[in-house]
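Work through the exercises below with the sequence and the structure in view. Try each task before reading its solution.

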Amino acid sequence: MAVENEVLGAGRSAWLEKDRRYVWHGMVPYEAAQHPLHVVRGDGPYVFDVDGRKYLDAMSGLWCVNLGYSRRELAEAAYRQLTEMPYYPLTQTHSPAIELAERISTWLGGEYRVFFSNSGSEANEVAFKIARQYHAQRGEPHRWKIVSRYRAYHGNTMGALAASGQFDRKYRYEPLAPGFVHVPPPDCYRCPFGKQPATCALECARHVDDVMRWEVDATIAAVIAEPVITGGGVLVPPDGYLPKLREICDRHGALLIVDEVICGFGRTGAPFGHQRFGVCPDIVTMAKGITSGYLPLAATAVRSEIFDAAFATSEDYAHLRHVNTFGGHPASCAVGLATLDIMERENLVDRARTLGEVLAGELARLEDLPHVGDIRTFGLLAGVEMVEDRATRAPLAPDLVARVVAECKARGVIVGKNGDTTPGGNNVVTLCPPFVVSEGDIQHIVDVLRDAILSLS
Ligand code: PMP
C-alpha cells in the first residue's frame, strides 16, 4: 500500500526491523502488520511517530484516550500511588479502590457494588459469572444462557468472545464457551427484519422476546448489550430499543447487562450511555475511558439490590469466587480517580455532548458524497457507512474502505474502521476523538475524511 509506506517511512527505522522480528500485532493481517504506526509521543489530541510526523488521533487510541495524551496529572497520580503503596490485592482492600468504587457508583446515579479487573473482556466475563451465580443462588440454577447481538464485540476471552457477534474474530478459535444465544442487532440502515424506522415497532427488540420464549425463558440468565454497538459499526438503536430490552428482561426474569466499555465515562455526552435512554441496568461493565487509557483497569458494577439479594449471605459458596492479581491495581485506581477529577473539573461530559453536536453538523456535509451511505453519530462517536452504490446500498469493497483510512492517515488524521468483517459489515469508517479536540479540529477531521473519500473517485 503505497500511501501507507510513504507515511510510515517503512524501512527508514531500525525499530521497524526489530518490530517485524519480535512483536506480534493482533487483529492486523500479516501484510499490514509490516507497516505499524510507531508512536513515540503524544500531546493533547495529537500523536507523533518515530519519524516526527504529527497525527490528529480521531480514534483516541483504541477508543479510550478520552482526555488526550500526556496529561501530567494522571502520570503524577500513578507516581504518587506507586511510591506510597504500589500493590495490595483486593481480596483485602485499599483506599484508591474504595474511593473509586464510590465515585463510579455516583457516576452511575445509584448504589452499585463494584468489582475491579483489568480489561473490558474480563469485566464482561465477571458479569456473566455474576449473572449465573445470582440465579443459581436464588433457586434457578438452570438460568445460564446469555443473549447478545450479532455484530457486537464484548471481548477476546472465551466467554466474552462467545458473547460477541462477529464471525471473523471467532473463526478458528471455536469452540468457545457454550451458552450464548445471538439475536440480530438494531441496524436501522440495514434492518435485519426489512422494516423502516418510522413503522418498525421496534421489531429488533420485540424479537428478543420471541427468542426468550423459544429458548425457554427459564434458561436465560441475562441479556448483554452496548448502548450503541460501537466496534460493530456504530449502530445507534432507536430511542425505545434499550427500554424495551429492559422491559423484556424484567418480564422474563433475566438480568440486563450493559457493556459501557466504550460508551462509558462521557463518550456519549452522558456519564454512561444507558442514561441517555433512561434505562437502569442490573450490571454495568466498563474499562477504557475509566483511566483514559493511561493504565489498565476495568470494572463490573452490580446494582446493590442484586448484590444484596444473592451475595450478602454467609451461605457456603455464595461469595463470588473470582480474583485477579492486578484487578483494581492501586495505581490504576489512582489514575481512575484523577481521570474523574479532570472530567468533573473541566466539564468534559458536557463538552463531549456539545462537540458531538458539532461533529454531527460537520459530518452532514458528507451526506451527498459518492460512497457515503449512512452517517450515524451518538455523542462524540460516529460511523460513516461506505457503500459502492447509494441506491443499492451494496457495501464498499473492504480494500477501498481501508484506502479511505490510509488516505486520512497520509493527511495526518487517524480514523478507524469497524472491526466487524461479517459479510457486508466491514464498511464503516469510525470516529471517536478525544474530548479535548477543538471545534476546528473536528472541522479538520471531517475535511480530511471528505478529501479521502473523494480521492476514491
Ligand atoms: N466491550 C466493548 C464494547 C469493547 O469495545 C471492547 C474492546 N474494544 C471490549 C469489551 C473488550 O475490552 P478489552 O480490549 O479491554 O478486553
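**Exercise 1. Charges and overall form**

Task: In this predicted model, find how far apart the mean positions of the positive and negative charges are. Then decide whether the radius of gyration agrees or disagrees with that of a compact globule.

Solution:
- Step 1. The protein has 46 positive and 56 negative charges, and their mean positions lie 2 Å apart.
- Step 2. For 457 residues, a compact globule would have a radius of gyration near 23 Å.
- Step 3. The protein has 22 Å, so the value agrees with that of a compact globule.
- Step 4. Along the principal axes, the C-alpha trace spans about 65 × 60 × 40 Å.
- Step 5. As for burial, 55% of the 457 residues count as buried.
- Step 6. The accessible surface is about 19600 Å², and carbon and sulfur atoms hold 53% of that area.

**Exercise 2. Two open sheets**

Task: Give the strand order of each open sheet of 4 strands, and name the edge strands.

Solution:
- Step 1. Start from the total: the protein contains 15 helices and 15 strands.
- Step 2. One open sheet runs in the order β1-β2-β3-β13, with mixed pairing. Its edge strands, β1 (39-43) and β13 (413-414), each pair on one side only.
- Step 3. Within this sheet, β2 (residues 46-49) and β3 (residues 54-57) are antiparallel and are joined by 3 bridges. F48 has K54 in β3 as its bridge partner.
- Step 4. Another open sheet has the order β11-β12-β15-β14, and its pairing is antiparallel. Here the edge strands are β11 (372-377) and β14 (416-417), each of which pairs on one side only.
- Step 5. β14 pairs with β15 (residues 428-431) through 2 bridges in the antiparallel sense. T430 in β15 is the bridge partner of G416.

**Exercise 3. Backbone angles**

Task: Locate W63, S70 and P175. Is W63 buried or exposed?

Solution:
- Step 1. W63 belongs to helix α3 (residues 60-63). Its phi is positive, near 60 degrees, although W63 is not a glycine.
- Step 2. The cut-off for buried is under 20% relative accessible area. W63 has 9%, so W63 is buried.
- Step 3. S70 sits in the loop between α3 and α4 (72-84). S70, also not a glycine, has a positive phi of about 60 degrees.
- Step 4. The relative accessibility of S70 is 49%, so S70 counts as partly exposed.
- Step 5. P175 lies in the loop between α8 (167-170) and β6 (180-183). The peptide bond joining E174 and P175 is cis, with omega about 5 degrees.

Terms used:
Residues numbered from 1 in each chain as written. Predicted model: local features only at pLDDT ≥ 70, side-chain atom pairs only at ≥ 80, totals over all residues. Heavy atoms only, no water. Pairing = 2+ DSSP bridges. Rg over C-alpha atoms; globule rule 2.2 N^0.38 Å. Buried < 20%, exposed > 50% of the residue type's maximum accessible area, 1.4 Å probe, protein only. Areas by Shrake-Rupley, 256 points an atom, 1.4 Å probe, with all protein chains shown as cover. Lys, Arg positive; Asp, Glu negative; His and termini not counted. Charge placed at Lys NZ, Arg CZ, Asp CG, Glu CD.
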